[in-house]
Amino acid sequence: MRTHDLLDISTQAFWAQPFDAREPAFAQLRRERPLSWHRPAETDMLPDADDPGFWALVTHADITAVSRDAATFGSGQQYGGVMMENGPEDVLEAAHSILAMDAPRHTLLRKLISTTFTPRRVALIEDQIAAQARAIVDDLAEDAAAGREVELVERVSARLPMWTVSEMIGIGEADRERVARAANAMVGWNDPEFVGDGDALSVLLDGLMTLHTTCFGLLEERRERPANDLVTALVQAEVDGARLTEEEIAAFFVLLCVAGNDTTRQTTSHAVLALHRHPDQAAALRADFEGMIDPAVEEFVRWASPVLTFRRTARRDTEIRGQQIAAGEKVVMFYGSGNRDESVFPDAHRFDIARSPNPHLGFGGGGPHFCLGAHVARMQLRAITGELLRRFDVVDAGEPEYLAGNFINGIKRLPVRLAPRA
Amino acid sequence: MAGFADEDELDRYIGGIFTTALADPELAPKLQATGLVLRMQGTDPDSALVIDLPGGKVWKGSDGGPAAHATMTMSTETANAYWQGKVNLTFAMARGKVKVDGTVTKLLQLAPLSKKLFPVYVERLRADGRDDLVIV
């Protein structure tokens, strides 16, 4: 048996640390062992004594190459999915939708879904996103004027994604909080706050039940009364004579709720914190917002690396860096590490809103699974940071509370004090 | 879709799956290691099984058996489909077709093992001339 790397990146304790505390381990791997073999991620989700481990992909080049070679590196349910941990197939089918799927099925479904995610539909929502960002930031005025501390995640970061994704999908006001909470819990399976006295799988499953029942209810409503939203479009969508089943729509609904709620939310918090900690960058962005916001958003996403990992499984014997990879072996892509790869990002540990080029991996490494919502995410980040910078100074930020786990680089809470700008 | 006629059939087919699996040298230790006692409560018609994995024994509901950690309630029609790999447990739960009282985690963790039993079950139905129960 191949020996596991002594640098252990598989424990829950490792992933309970903040990003910056984990990064030295990845920096060392990038420098000394850019391809390394590790013991399986520690988990109580679906423990498997026969799991031999995984290859860690920590460089920008390897992550990009593997992302773009889906013919060799699969995502299908039959491989146990795309998380570091294996998940039960029933859960993957019900929650991961096209994320845990390969061509030709993936191609067909993604195409079908893309027809509902067109630039035109996204453009329709742009003005609404801007208005909503304004309203969210308006709500802070009283606390800012009084010098009261506000909890940024709940008051700002979580709100715009929740609103946007709900509006696009067609989730009614009454269900939004509940759906966002469920989506949030679904990425918290390694965090004691979410697990409590239960276990990882129960956390996932509870979230899943909430999202499914909400979706099945919505489907019934939209069949009777179609609306201008994604659920209606998904019900009516047809590609090559194929329609989506209710179950397929429900699984995609879960994916959208999680991907839509739990990524931009994190990037927003990380961006606000980074701008506070790098006042020169905040000043530069304020000085020329229209000129700087596009590269700044890319840097926010690189800096935040909201999704930390996805896994692929070798579909046939292959080779990476001259190392034999046997069919069935797992490779885990560490996006946060790729986003700090010094060979691609000069001075990679510097937060630099003018960074150019900035080929970050925050939306994935390219290929068929590249983030479908990248455009919407950029739009949201531009709107919310723009409003915040225009209206307020962050005069003080407390210690962020980080989410434990190997999947989402989350900030659960971030207390800040704001001051209105003259 | 068809279900079972009575508890004896539920025992013969669903119970039979576990009896077979518990005699399998590869599967038995894994099933026993779950420590799970599962009650399968069938509806249409009312019927039940108690599957005692650590004890390695299947009881008909009417015959008693040990107390269960989890109870799965579903129609015999759904049970028949489930063991052929045609039912996603999480969707079925959201639809109210399968109701689970007790720990769902262990049930889902059983899934990779259950999957190995699907072909065994279909084979048994066919061998018994019960093609009416086979879902194609």
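This section describes the overall build of the two chains, A and B, and then several local features of each in a predicted model.

For the complex as a whole, the predictor reports an ipTM of 0.86 together with a pTM of 0.94. Within chain B the mean pLDDT is 92, and 99% of the residues reach 70 or more. Confidence varies among the elements of that chain, with the lowest mean pLDDT, 87, in helix α5 (residues 104–127) of chain B, and the highest, 96, in strand β2 (residues 47–52) of chain B.

Chain A comprises 19 helices and 12 strands. Its C-alpha atoms occupy a box of roughly 65 × 55 × 45 Å along the principal axes. The radius of gyration of chain A is 21 Å, which agrees with the value near 22 Å that would be found for a compact globule of 422 residues. Of these 422 residues, 60% are buried, and of the contacts in chain A with a separation of 6 or more, 74% are made by residues 24 or more positions apart.

Chain B is built from five helices and five strands, which follow one another along the sequence in the pattern α-α-β-β-β-β-α-α-β-α. The C-alpha trace of chain B spans about 35 × 35 × 30 Å along its principal axes. For its 136 residues a compact globule would have a radius of gyration near 14 Å, and the value of 14 Å for chain B agrees with this. Buried residues account for 51% of the 136 residues of chain B, while 66% of the contacts in chain B with a separation of 6 or more join residues 24 or more positions apart.

Helix α9 (residues 159–169) of chain A is mostly covered, since nine of its 11 residues are buried. The buried set of α9(A) consists of Leu160(A), Pro161(A), Met162(A), Trp163(A), Thr164(A), Val165(A), Ser166(A), Met168(A) and Ile169(A). Directly after α9(A) comes Gly170(A), which has a positive phi, near 105 degrees. Gly170(A) is also one of the residues touched by Arg222(A), a residue whose other contacts, leaving aside residues up to four places away in sequence, are Ala227(A), Asp229(A), Val231(A) and Thr232(A). Arg222(A) itself belongs to helix α12 (residues 200–224) of chain A. With a relative accessible area of 13%, Arg222(A) falls under the 20% cut-off and is therefore buried.

A helix pair in chain A is formed by α15 (residues 264–277) and α16 (residues 279–287), whose axes come within 5 Å and cross at roughly 105 degrees. This crossing angle makes α15(A) roughly perpendicular to α16(A). On the α15(A) side the contact involves Leu275(A), His276(A) and Arg277(A), which meet Pro279(A), Gln281(A), Ala282(A) and Leu285(A) on the α16(A) side. By residue class, the contact of α15(A) with α16(A) is made up of four nonpolar residues, two polar residues and one charged residue.

Among the strands of chain A, β8 (residues 330–334) contains Val332(A). Val332(A) has a relative accessible area of 1% and so counts as buried. When residues up to four places away in sequence are not counted, Val332(A) touches Phe54(A), Trp55(A), Ala56(A), Leu57(A), Met84(A), Thr309(A), Phe310(A) and Arg311(A). By contrast with these contacts, the C-alpha atoms of Val332(A) and Val179(A), two residues that are 153 residues apart along the chain, are separated by 29 Å.

In chain B, strand β4 (residues 70–75) includes Ser75(B). The relative accessibility of Ser75(B) is 15%, and this residue is therefore classed as buried. The contacts of Ser75(B), again without residues up to four places away in sequence, are with Thr43(B) and Asp44(B). Between the C-alpha atoms of Ser75(B) and Val98(B), which lie 23 residues apart along the chain, the separation is 8.1 Å.

Terms used
Residues are numbered from 1 along each chain as its sequence is written. Chains are lettered from A and ligands numbered from 1 in the order in which they are written. This is a predicted model: local features need pLDDT of at least 70, side-chain atom pairs count only at pLDDT 80 or more; totals for chains, interfaces and linings use all residues. Side-chain values use heavy atoms; hydrogens and water are left out. pLDDT is the predictor's confidence in each residue, from 0 to 100. Helices (H or I, at least four residues) and strands (E, at least two) are DSSP runs, numbered from the N terminus. Axes are lines fitted to C-alpha atoms, for helices over the stretch in contact, and angles run from 0 to 180 degrees between N-to-C directions. Angles under 35 degrees count as roughly parallel, over 145 as roughly antiparallel, 65 to 115 as roughly perpendicular and the rest as oblique. Contact means heavy atoms within 4.5 Å. Ala, Val, Leu, Ile, Met, Phe, Trp, Tyr, Cys and Pro count as nonpolar, Asp, Glu, Lys and Arg as charged, and the others, Gly among them, as polar. Buried means under 20% relative accessible area, exposed over 50%, partly exposed in between (1.4 Å probe, protein chains only). The radius of gyration is taken over C-alpha atoms; the globule rule is 2.2 Å times the number of residues to the power 0.38.
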